[in-house]
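Here are some short exercises to work through with the model open beside you. Try each one yourself before you read the solution.

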Amino acid sequence: SSSSAASDVYKRQRSHLCRCFETLGLCRTRCGESPKGRLRALIVAINLVLVITVAGLLGLAIRAFMPHREKLGIVVLPALAVIAGSLGWAFAMWVGISPDSLWGWVIAMGLAAGVPVAAGILLPPRRDAADAALWESLTR
């Protein structure tokens, strides 16, 4: 029948494309990647979303308890927490730490807490100095 002939043509074309993509190293979803590999990629992606969310909430909490927070914008510390936590998670995955391991979270959350605290301590005095210098230059 014409339906099975069309199906055979489709299968041959698909297998040819898969061989071409495998040769180039581009085929990873349909032609050779195991479901276990796709599941691992999904777990890493879901964990990255969780790291971003938890780091942002951690940054907001740090901002709430930081002295001189009125001298910082509302998104500075949460944004720094998200950036530091995401980079920490990416670094942990890059060096080969399993996404199931606690160490990836320890690294990511340690950076997500440490970077905003350091910024919250270092930035307000610098802003005060810059404001004083600007005021001095404007009032001469």
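**Exercise 1.** About how many helical turns separate Phe91 and Trp94 in helix H3?

*Solution.* Start with the ground rules: this is a predicted model, where local features need pLDDT of at least 70 and side-chain atom pairs count only at pLDDT 80 or more, while totals for chains, interfaces and linings use all residues. Residues are numbered from 1 along each chain as its sequence is written, and side-chain values use heavy atoms, leaving out hydrogens and water.

Now the spacing. Phe91 and Trp94 are three residues apart in H3, so about one helical turn lies between them. An α-helix has 3.6 residues a turn, so residues three or four places apart point the same way.

Next, the rings. Aromatic rings (Phe, Tyr and the six-membered ring of Trp) pair if their centres lie within 6.5 Å; planes under 30 degrees apart are stacked, over 60 edge-to-face, and the rest tilted. The protein has two such pairs. For Phe91 and Trp94, the centres are 6.1 Å apart and the planes meet at 40 degrees, so call the pair tilted.

Last, the surroundings. Buried means under 20% relative accessible area, exposed over 50%, and partly exposed in between (1.4 Å probe, protein chains only). Phe91 is partly exposed at 45%, and Trp94 is exposed at 70%.

**Exercise 2.** Describe the overall layout and how confident the predictor is.

*Solution.* Count elements first: helices (DSSP H or I, at least four residues) and strands (E, at least two) are numbered from the N terminus. You get four helices and zero strands, in the order α-α-α-α.

Then check pLDDT, the predictor's confidence in each residue from 0 to 100. The average is 82, with 74% of the residues at 70 or above. By element, helix H1 (residues 2–24) has the lowest mean, 59, and helix H3 (residues 76–94) the highest, 94.

Finally, burial: 22% of the 140 residues count as buried.

**Exercise 3.** Does the length of H3 agree or disagree with the expected helical span?

*Solution.* The expected span is 1.5 Å times one less than the number of residues. For the 19 residues of H3 that gives 27 Å, and the end C-alpha atoms are 27 Å apart, so the two agree. Just after H3, Gly96 has a positive phi of about 105 degrees.

**Exercise 4.** Which residues make up the largest nonpolar core?

*Solution.* A nonpolar core is a set of buried Ala, Val, Leu, Ile, Met, Phe, Trp, Tyr and Cys residues joined through side-chain atoms within 4.5 Å. The largest has nine: Val51, Ala55, Ala81, Trp89, Ala92, Met93, Ala108, Met109 and Ala112. H2, H3 and helix H4 (102–138) each give two or more residues to this core, and H3 gives the most, with four. A second, separate core of five residues includes Met66, Leu72, Leu77 and Ala119.

**Exercise 5.** Is Asn47 buried or exposed, and what does it touch beyond its sequence neighbours?

*Solution.* Place Asn47 first: it sits in helix H2 (residues 35–65). At 11% relative accessibility, Asn47 is buried. Contact means heavy atoms within 4.5 Å. Setting aside neighbours within four places in sequence, Asn47 is in contact with Trp89, Pro99 and Trp105.

Now try Val51 with the matching exclusion of residues up to four places away: Val51 touches Gly85, Ser86, Trp89, Trp105, Ala108 and Met109.
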